[in-house]
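Here are a few exercises to work through with the model open beside you. Try each task before you read its solution.

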Amino acid sequence: MRRNLTLLFSLQLSFIHVLAQMVYPVVGQYKSRSAQGMAIYDDCAYLFNDGGICRMLSLKTGKVEHDFMLECAAKETHVNSACFSRQYVGDNPVPALYLTEFYGKRRCFVELIEGRKSRLIQTIEFKDSQGRNPFVREWIVDNKDQVLYAVIREANRENVNVIKKFAIPPLSNAKILLTDNDVVDEFTVYFVNGLQGGKIKGRYMYITVGFTPLDGEGEYFDRAIKVIDLKRKKLVRSIDLSKVTINEPEDIDFYKGKWLLFAGGTGGIYQAF
């Protein structure tokens, strides 16, 4: 059944290859922790590692200027994806940052970068009608429409990706519990590749997927960027990354009009030609 679904949706997709080069030779694994999300604000890339490590990489000099532990740092804090919002708190120059817990209760942590440290200002939890925490693989902010998306894939539904949309909760509340009643809209897209990070630009959601071929072979491991049209509510493009890096494509963000891809393992940040 999975093969038939994959074939059906493949016939409707645009598959393209991309040429890219490493522009920042920063390591992925750091302090023995795997690379995970990346979020860019101004000329700084914030690189995250499992457990809650944050590195601040200057995109002007290419140097890591500082590292610190997030306030939400914990064993369950995988930081599978990271997104800056356009919500500011007081005079702080950096907007609120949304981070995916991934393990534990699959929550979204909202932290405020204050110089060379951060402060947890909100925790968002989602429970369905059965009182369960669905497996939210990624929380992704849409700054254009001021909404928050949860990308859900349950362990027993390996090619079914449910995308739920919520209004961004006000930062005045430190604890947020979302339920099915808070879902503004939802739709489903089908692909089996392992989910990594993601961002939204315009009407499109870009999700990095796949793993290093050293971990295995097959569609689940294939490295790509899945492009989802949020207006049409469908998967419209798959950008092949197999020639870009053998490492996991951990996360993606946009800088000066081009996407940057953060890779795990031996690392590197890549930019499309």
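**Exercise 1: a buried acid and its partner**

At 12% relative accessibility, Asp 50 counts as buried (buried is under 20% relative accessible area, exposed over 50%, partly exposed in between, with a 1.4 Å probe and protein chains only). Before going on, note that this is a predicted model, where local features need pLDDT of at least 70 and side-chain atom pairs count only at pLDDT 80 or more, while totals for chains, interfaces and linings use all residues. Residues are numbered from 1 along each chain as its sequence is written, and side-chain values use heavy atoms, with hydrogens and water left out.

Task: find which residue forms a salt bridge with Asp 50, and work out which parts the pair ties together.

Solution:
- Step 1. The partner is Arg 33, with the closest N and O atoms 2.4 Å apart. A salt bridge here is a side-chain nitrogen of Lys or Arg within 4 Å of a carboxyl oxygen of Asp or Glu.
- Step 2. Arg 33 sits in the loop between E2 and strand E3 (35-41), and Asp 50 in the loop between strand E4 (44-49) and strand E5 (53-58), so the pair ties together parts 17 residues apart in sequence. Strands (E, at least two residues) are DSSP runs, numbered from the N terminus.
- Step 3. Check the exposure of Arg 33: at 33% relative accessible area, Arg 33 is partly exposed.

**Exercise 2: two further pairs**

Task: say where the salt bridge partners Lys 164 and Glu 186 lie, then do likewise for Asp 229 and Arg 203.

Solution:
- Step 1. Lys 164 and Glu 186 meet at 2.9 Å, N to O. Lys 164 belongs to strand E13 (residues 160-167) and Glu 186 to strand E15 (residues 185-190), so parts 22 residues apart in sequence are tied together.
- Step 2. Lys 164 is buried at 11%, and Glu 186 is partly exposed at 40%.
- Step 3. Asp 229 and Arg 203 have their closest N and O atoms 2.8 Å apart. Asp 229 is in strand E18 (residues 224-229) and Arg 203 in the loop between strand E16 (195-201) and strand E17 (204-209), 26 residues apart.
- Step 4. Asp 229 is buried at 1%, while Arg 203 is partly exposed at 34%.
- Step 5. For the wider tally, the whole structure holds 12 salt bridges, and Glu 114, Lys 117 and Arg 119 are linked in a network of them.

**Exercise 3: from a sheet to a pocket**

Task: give the strand order of the open sheet of 4 strands, then follow Asp 253 into the largest pocket.

Solution:
- Step 1. The order is E2-E22-E21-E20, with antiparallel pairing; two strands pair if DSSP finds at least two bridges between them. Strand E2 (20-24) and strand E20 (249-255) are the edges, each pairing on one side only.
- Step 2. E20 is joined to strand E21 (residues 258-263) by 6 bridges, and Asp 253 has Leu 260 in E21 as its bridge partner.
- Step 3. Asp 253 is also among the residues nearest the centre of the largest pocket, which has 18 lining residues. By class, that lining has 8 nonpolar, 2 polar and 8 charged residues.

Note on methods. 1 Å grid on protein atoms, 1.4 Å probe; cavity = no way out; pocket = protein on both sides within 12 Å on 5 of 7 lines; lining within 4 Å. Nonpolar A, V, L, I, M, F, W, Y, C, P; charged D, E, K, R; others polar.
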